[in-house]
Amino acid sequence: MTHLIDLFKPMIPSLLNNLHKGQSGRVAIMGGSKEYTGAPFFSGISSLKIGSDICHIFAPTEGGTATALKTMSPDLIVHPIEKNDPSDIIPWLLSLHVIVVGPGLGRSSGAWSCASEVIKAARNINLPIVLDGDALRLVCENLDIIKGYDKAILTPNFVEFKSLSDSVKKMIGDSSNNLLKPEQIATSLGNITIVQKGKEDIITDGNQTVVCDNEGMPRRCGGQGDILAGAIGTMYAWSHLFYKYNSNMDDKPEYPISIISAYAACSLLRHCSNKAYQISKRSTVSMDIINQISSSFEDLFPESSK
């Protein structure tokens, strides 16, 4: 599957002196809660480290979440959202290239209601979406919110995948005790893209499936999924921008750009994790992984900075 890296390489924005801010990606993260402030930070700072120009974070004011995020990095644009009001977020969507919903979102009714409205609004303007963490639990409660939207990428871990499988089985009338395959879930939801995270990352839209089994690390510190969500969002935005500016290309990619982008992101995270683990072993935490993004990106895409 390493040729998927070669398929992604042309989609990486060239670093040219005549570019202006935003052309290499305007990414947003919607998430954070009183308990989880680190998750949206990990997603957002990873996006910037990979190479997006601008990263917005939409976070609630409840529990000082937005204020805490503002202190973590001045590079992130943090928008305090009062009372989970989606009208504080939706007007920004037209200026974005992708939105990642879910890192640290929490499970309050207010957060879920706000996220639902933002997802619906993003669909209405065909904005690429990545759904992670608690946004996947929201989807399990209401599959229609994402069903049929082929610009969506879902990134479930083991527990989230089981919940997603149970919800889809209920929808299709499957009363067995079997766990659905990711291909079955993707197809049942209208060929959206599923990234089933695990020892091997299985990436599928129901029609085509690839597996990322590059070496990562045995350490399972919190935050790795948040890094991956930011990486997928950034690379997915780049892919859409590439085809937007090269709409006259006759050659169609061998795989959907959602699959290509997700594979590239999974490969990058595994490479970063492996390098971090070689240094810190059992002490490896998410910031160690993030600190390996620059060198790992150059390892995988050596021509990208020229």
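# A tour of the predicted model, starting at N126

At 46% relative accessibility, N126 counts as partly exposed. Keep in mind throughout that the model is predicted.

**Stop 1: N126.** Select N126 and look at the backbone. The residue sits in the loop between α4 and β5. Its phi is positive, about 60°, although N126 is not a glycine. Step back along the chain and you meet helix α4, since N126 comes just after it.

**Stop 2: helix α4.** Select residues 109-124, which make up α4. The helix has 16 residues. From first C-alpha to last, α4 reaches 23 Å, close to the 22 Å expected at 1.5 Å a residue. Now colour the buried positions: A111, W112, C114, A115, S116, V118, I119, A121 and A122. What do these buried residues pack against? Show β1 (26-30), β4 (98-101), β5 (129-131) and α5. Those four elements are the partners of the buried residues of α4.

**Stop 3: α4 against α5.** Add residues 134-141, helix α5. Two packed helices are described by the angle between their axes and the distance between the axes. Here the angle is about 80°, and the axes are 11 Å apart. Angles from 65 to 115 degrees count as roughly perpendicular. The helices α4 and α5 are therefore roughly perpendicular to each other. Show side chains at the contact. On the α4 side, pick W112, A115, S116 and I119. On the α5 side, pick D134, R137, L138 and E141. By class, this contact has four nonpolar, one polar and three charged residues.

**Stop 4: the largest nonpolar core.** Hide the helix pair and select F8, M235 and F301. Of the 58 residues in the largest nonpolar core, these three touch the most other members. Which helix gives this core its largest share? Select residues 257-280: helix α9 supplies 12 residues. In soluble globular proteins, nonpolar side chains tend to be buried together. Centre on F8 next. Beyond its neighbours within four places in sequence, F8 is in contact with M235, W238, S239, I260, S261, A264 and F301. A separate core of 41 residues lies apart from the largest one. Select V101, A111, I146 and A152, which are among its members.

**Stop 5: helix α8.** Select residues 224-245, the 22 residues of α8. The helix reaches 32 Å from its first C-alpha to its last, close to the 32 Å expected at 1.5 Å a residue. Is α8 mostly covered or mostly uncovered? Mostly covered: 17 of its 22 residues are buried.

**Stop 6: G223.** Move to the loop between β9 (209-212) and α8, where G223 lies. At 13% relative accessibility, G223 counts as buried. Its contacts are F42 and S286, leaving aside neighbours within four places in sequence. For a longer view, draw a C-alpha to C-alpha distance from G223 to D166. The two are 57 residues apart in sequence and 25 Å apart in space.

**Stop 7: the loop between α9 and α10.** Two residues are worth selecting here. K281 is found in this loop, between α9 and α10 (286-290). Phi of K281 is near 50°, a positive value in a residue other than glycine. At 40% relative accessibility, K281 counts as partly exposed. S283 is found in the loop between α9 and α10 as well. With a relative accessible area of 54%, S283 is exposed. Show R219 and D288, which S283 touches, not counting residues up to four places away in sequence. Then draw a line from S283 to C221. They are 62 residues apart in sequence, yet 9.2 Å apart in space, C-alpha to C-alpha.

**Stop 8: S24.** Select S24, in the loop between α1 (3-8) and β1. Is S24 buried or exposed? S24 is buried, with a relative accessible area of 5%. Leaving aside neighbours within four places in sequence, S24 is in contact with P13, L19, G51, S52, D53 and W238. You have met W238 already, as a contact of F8.

**Stop 9: T187.** Finish in helix α7 (residues 182-188), which holds T187. At 42% relative accessibility, T187 counts as partly exposed. Select N207 too. The C-alpha atoms of T187 and N207 are separated by 7.6 Å, with the residues 20 apart along the chain.

How values were computed. Residues are numbered from 1 along each chain as its sequence is written. This is a predicted model: local features need pLDDT of at least 70, side-chain atom pairs count only at pLDDT 80 or more; totals for chains, interfaces and linings use all residues. Side-chain values use heavy atoms; hydrogens and water are left out. Axes are lines fitted to C-alpha atoms, for helices over the stretch in contact, and angles run from 0 to 180 degrees between N-to-C directions. Helices (H or I, at least four residues) and strands (E, at least two) are DSSP runs, numbered from the N terminus. Angles under 35 degrees count as roughly parallel, over 145 as roughly antiparallel, 65 to 115 as roughly perpendicular and the rest as oblique. Contact means heavy atoms within 4.5 Å. Ala, Val, Leu, Ile, Met, Phe, Trp, Tyr, Cys and Pro count as nonpolar, Asp, Glu, Lys and Arg as charged, and the others, Gly among them, as polar. A nonpolar core is a set of buried Ala, Val, Leu, Ile, Met, Phe, Trp, Tyr and Cys residues joined through side-chain atoms within 4.5 Å. Buried means under 20% relative accessible area, exposed over 50%, partly exposed in between (1.4 Å probe, protein chains only). The expected span of a helix is 1.5 Å times one less than its number of residues.
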